[in-house]
Amino acid sequence: MSDALSNLIGALAGGSVRVVDLTQPLGESTPVIDLPPPFAPSPGVSMETISRYDEGGPAWYWNTLRFGEHTGTHFDAPVHWITGKDLADNTTDTIPVERFVGPACVIDVREQVAADADFLLTPGALEAWEREHGQIPACSWVLLCTGWSERESSEEFLNIAADGPHSPGFHVDTVRLLADARDVLGVGVETVGTDAGQAGGFDPPFPTHTIMQGSGKFGLASLCNLDQLPPTGALVVAAPLKVVGGSGSPLRVLALAPA
Ligand code: 23J
Ligand code: MN
């Protein structure tokens, strides 16, 4: 019997550790990333009833679901980006399951994002966080708490202007630092994708996807409730569907956090 696990079971039952749901509802109104032409669009969620206690199934209710792999709260596997296409164990069915569980480092930038929708976390800001909370450990999830999940309409959430979408993210040098020097599991964000809204015009384009997936790291997008987590000390479980050859999937992301 593991002491660590029996302590955890006791803490969950006793209420000193709670389960926080970092997942947005997945449904027909879930916003989907809107790439400019000529890029192919990803379909949103559609749901079709197979039967509902009727002639098709007198005692059972079930649906057929259709959605793009990168819809709603979802996981980015290394194979999602061309930079990760030849890495070992780069698909949703081959990633070692140990890598779906890790400590969370939560960086709260809500104030900065309220003042600037295009806010990017710089290496200097990351190092300032580390001076206060300690160095980001290897194999941890780095979660960017921007407050973006509070934007309820699709329009506000995607925030598309004439010059493209505006939403926060990571500076390219911060992504390099997290992937190389810190060797994290991946990054998680509240926005529709792990890259900032304007990142299609960065050098390289979409640096978070390019560098993270190219280093065998993961992404988590459209998270919520990050404001309920401490800066350190929570444990995140983020396991995508075991889709054969999959580039990602919607998933339920849970955190165990001090009550
Ligand atoms: C494809 C192209 C660009 C982006 C994305 C997908 C995502 O954000 C995603 O969900 O992986 S930025
Ligand atoms: Mn994605």
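How far does a polar side-chain atom of histidine 74 lie from an oxygen atom of ligand 1? In this predicted model, where local features need pLDDT of at least 70, side-chain atom pairs count only at pLDDT 80 or more, and totals for chains, interfaces and linings use all residues, the separation is 3.1 Å, a polar contact being a pair of N or O atoms within 3.5 Å. Residues are numbered from 1 along each chain as its sequence is written, chains are lettered from A and ligands numbered from 1 in the order in which they are written, and side-chain values use heavy atoms, with hydrogens and water left out.

Polar side-chain atoms of two further histidines approach oxygen atoms of ligand 1, that of histidine 70 at 3.3 Å and that of histidine 80 at 2.6 Å. Taken alone, ligand 1 exposes 320 Å², of which the protein buries 88%, accessible areas coming from the Shrake-Rupley method with a 1.4 Å probe. The residues around ligand 1 (those with a heavy atom within 4 Å of it) include Ile33, Leu35, Trp81, Gly193, Phe206 and His209.

His70 and His74 also serve the manganese ion (ligand 2), whose protein donors are His70 (ND1), His74 (NE2) and Asp76 (OD), lying 2.0 to 2.2 Å from the ion; donors are N, O and S atoms within 2.8 Å of the metal (3.2 Å for Na, K and Ca), and the site may look incomplete because water is not among the atoms. The donor residues follow the spacing H-x3-H-x1-D in sequence. Histidine 74 counts as buried because its relative accessibility is 3%, and aspartate 76 likewise at 1%, buried meaning under 20% relative accessible area (1.4 Å probe, protein chains only).

Note on methods. A polar contact is a pair of N or O atoms within 3.5 Å; within protein, one must be able to donate a hydrogen and the other to accept it, and residues adjacent in sequence count only if both atoms are side-chain atoms. Buried means under 20% relative accessible area, exposed over 50%, partly exposed in between (1.4 Å probe, protein chains only).
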